[in-house]
Amino acid sequence: MKLDGFGILVEDMAGMIRFYRDVLGFEIKETEDAEHVFLEKDGTLFMLCRRADFEKMTGKSLSYAKGTNGHYEIALSAADYAAVDRAFEEIVAAGGKEILAPSTMPWGQRTCYIADPEGNLVEIGSFQKGEA
């Protein structure tokens, strides 16, 4: 088997589409009332599925984390340290919830974390310092 992509089960499809499309720049063609969103971002399949629709399809009732949660993260790479800082500022200004302001880690990565509207973590990082 090979990793093909990942999905997020969402409560508010319209809000999540607006965040991933308008704030993070994912190319989502579906309308905000879609049941499922399938897109490819940099060669990785990314899916959004309404929780209620998934539960109906499977015939199972599931439980979900509330608020900001640390069950997983979506990791995005930026060109360099300065791009991490710019992305963080832009995303927070557009409504992303600040979790960790840009910081340079001991292993050499500059990284930051925000949360999407449903509390899922999104990391933006780079190992490239950029021009000296």
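This is a guided tour of one protein chain, to be followed with the structure open in a viewer.

**Start with confidence**

The model is predicted, so colour the chain by pLDDT before anything else. The mean for the protein chain is 93, and 98% of its residues reach 70 or more. Where is confidence lowest, and where is it highest? Select strand β2, residues 36–41, for the lowest mean, 88. Then select strand β6, residues 110–115, for the highest, 98.

**The three-stranded sheet**

Next, show β1, β2 and β3 together. They form an open sheet of 3 strands in the order β1-β3-β2, and the pairing is mixed. Which strands are at the edges? They are β1 (5–10) and β2, each of which pairs on one side only. From one strand to the next, the twist averages 15°.

Keep β2 selected and add β3, residues 44–50. These two strands run antiparallel to each other and are joined over 6 bridges. For one place to look along this pair, pick Lys-41, which stands opposite Thr-44 in β3.

**Two helices on the strands**

Now add helix α1, residues 13–23. This helix packs on the sheet and touches β1, β2 and β3. Its direction makes about 155° with that of β3.

Add α2 (51–58) as well. How does α2 run relative to β3? The helix lies across β1 and β3, at about 85° to β3.

**Asn-69**

Follow the chain on from α2 into the loop that leads to β4 (73–77), and select Asn-69 there. Is this residue buried or exposed? Asn-69 is buried, because its relative accessible area is 8% and the cut-off for buried is under 20%.

Show the side chain of Asn-69 and the backbone of His-71. The side chain reaches the backbone nitrogen of His-71 at 3.4 Å. Then display residues 118 to 121: leaving out residues up to four places away in sequence, Asn-69 touches Glu-118, Gly-119, Asn-120 and Leu-121.

**Ala-78**

The last stop is Ala-78, in the loop between β4 and α3 (81–93). Which residues does Ala-78 contact, apart from its neighbours within four places in sequence? They are Ala-83, Val-84, Ile-124, Gly-125 and Ser-126.

Finish by selecting Ser-126 together with Ala-78. The two are 48 residues apart in sequence, but their C-alpha atoms are 5.3 Å apart in space.

Methods
Residues numbered from 1 in each chain as written. Predicted model: local features only at pLDDT ≥ 70, side-chain atom pairs only at ≥ 80, totals over all residues. Heavy atoms only, no water. Helix = DSSP H or I, 4+ residues; strand = E, 2+ residues; numbered from the N terminus. Buried < 20%, exposed > 50% of the residue type's maximum accessible area, 1.4 Å probe, protein only. Polar contact = N/O pair within 3.5 Å; in protein donor to acceptor, adjacent residues only side chain to side chain. Contact = heavy atoms within 4.5 Å. pLDDT = per-residue confidence, 0-100. Pairing = 2+ DSSP bridges. Axes fitted to C-alpha atoms, helices over the stretch in contact; angles between N-to-C directions.
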